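Here are some exercises to work through with the model open beside you. Try each task on your own before you read its solution.

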Amino acid sequence: MKKLITVILLLALAAPVFAQQHDESKWTVRGSVGYFPSVPVVTSLFGAIFVGIAVAANEDANETLDIEIPPYFALDAMYNFDYRWSAGISTGYTGCAWKVVDKDDHSDVHSVSYLTFVPLNIVGRCNYLNRPAVKLYGSLEAGVLMSIDKELQVAPNVQLNPIGVEFGRKLFGMVELGVGMNYTGGRIGLGYKF
């Protein structure tokens, strides 16, 4: 009898979870930015250290190395199958620029090297908590990371985002923590459901 009463109480407490109101929005589009360097950018920074040492060693040239790392930008489009599962595609941009500049006048650029990476991923997402104004979720992205410099190079790409929060209804904000080839750390963004 105690087990039956326990089960009934647990079902009564869980009833609000099953009775949640879910919006009928099927598509979600998000734009986000994160200022945490990706794995390829960090790897290229190690190469930049050696280039910087070589540039600094040439004292006759009076040059130095400036490194610019723009934020990681992403654009996602996802289809919501139901209140728990979504799938879609994600693309973005990450990279860096190495500039050999004059030590005295940093605006005098002697040479520039750009590293440009464009991820193209399939995204799977599971909502842990799905309230009308707040969603707590985790996602996994898998695909390719394209290096678009002098020639196209393709590498496998994986991104795990175990914790994500969307807050708002049709127009919403998002915060996400993740680790992978696209970014490591966090990103913020805006999205729209239609």
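**Exercise 1. Find which strands supply at least two residues each to the nonpolar patch.**

Step 1. Strand 5 (109-130), strand 6 (134-148), strand 7 (152-168) and strand 8 (171-180) each contribute at least two residues of the patch. Strands here are DSSP runs (E, at least two residues), numbered from the N terminus.

Before going on, two notes on the model. It is a predicted one, in which local features need pLDDT of at least 70 and side-chain atom pairs count only at pLDDT 80 or more, while totals for chains, interfaces and linings use all residues. Residues are numbered from 1 along each chain as its sequence is written, and side-chain values use heavy atoms, leaving out hydrogens and water.

Step 2. Now list the members: Tyr128, Leu129, Val134, Leu136, Ile163, Phe167, Val175, Leu177 and Ile188 make up this surface patch, and together they have about 750 Å² of accessible area. Such areas come from the Shrake-Rupley method with a 1.4 Å probe, and for residues only the protein chains shown count as cover. Patch residues have over 30% relative accessible area and no salt bridge; like charges are joined within 9 Å, and nonpolar side chains (Val, Leu, Ile, Met, Phe, Trp, Tyr) within 5 Å.

Step 3. Check one member. Val175 belongs to strand 8, and its relative accessible area of 37% makes Val175 partly exposed. The classes are buried under 20%, exposed over 50% and partly exposed in between (1.4 Å probe, protein chains only).

**Exercise 2. Work out how strand 6 pairs with strand 5 and with strand 7.**

Step 1. Strands 5 and 6 run antiparallel and are joined by 13 bridges. Two strands count as paired if DSSP finds at least two bridges between them. One of the partnerships is Leu129 with Leu136 of strand 6, and a hairpin of three residues connects the two strands.

Step 2. On to strand 7: strand 6 pairs with it in the antiparallel sense over 14 bridges. Ser139 has Asn161 of strand 7 as its bridge partner, and here too a hairpin makes the connection, through three residues.

**Exercise 3. Which salt bridge does Arg125 form, and which residues are linked in the network?**

Step 1. Start with the idea: side chains of opposite charge can pair when their charged atoms come close. The rule asks for a side-chain nitrogen of Lys or Arg within 4 Å of a carboxyl oxygen of Asp or Glu, and the count comes to eight salt bridges.

Step 2. Arg30 and Glu166 meet in a salt bridge at 3.6 Å, N to O. Because Arg30 lies in strand 1 (residues 27-34) and Glu166 in strand 7, this pair ties together parts that are 136 residues apart in sequence.

Step 3. Arg30 also meets Glu176, at 3.5 Å, N to O. Glu176 is in strand 8 and Arg30 in strand 1, so this pair ties together parts 146 residues apart in sequence. Both Glu176 and Arg30 are buried.

Step 4. Arg125 forms a salt bridge with Glu166, with the closest N and O atoms 2.7 Å apart. That pair links strand 5 to strand 7, 41 residues apart, and both Arg125 and Glu166 are buried.

Step 5. Put the picture together: Arg30, Asp76, Arg125, Glu141, Glu166, Glu176 and Arg187 are linked in a network of salt bridges.

Methods:
Helix = DSSP H or I, 4+ residues; strand = E, 2+ residues; numbered from the N terminus.
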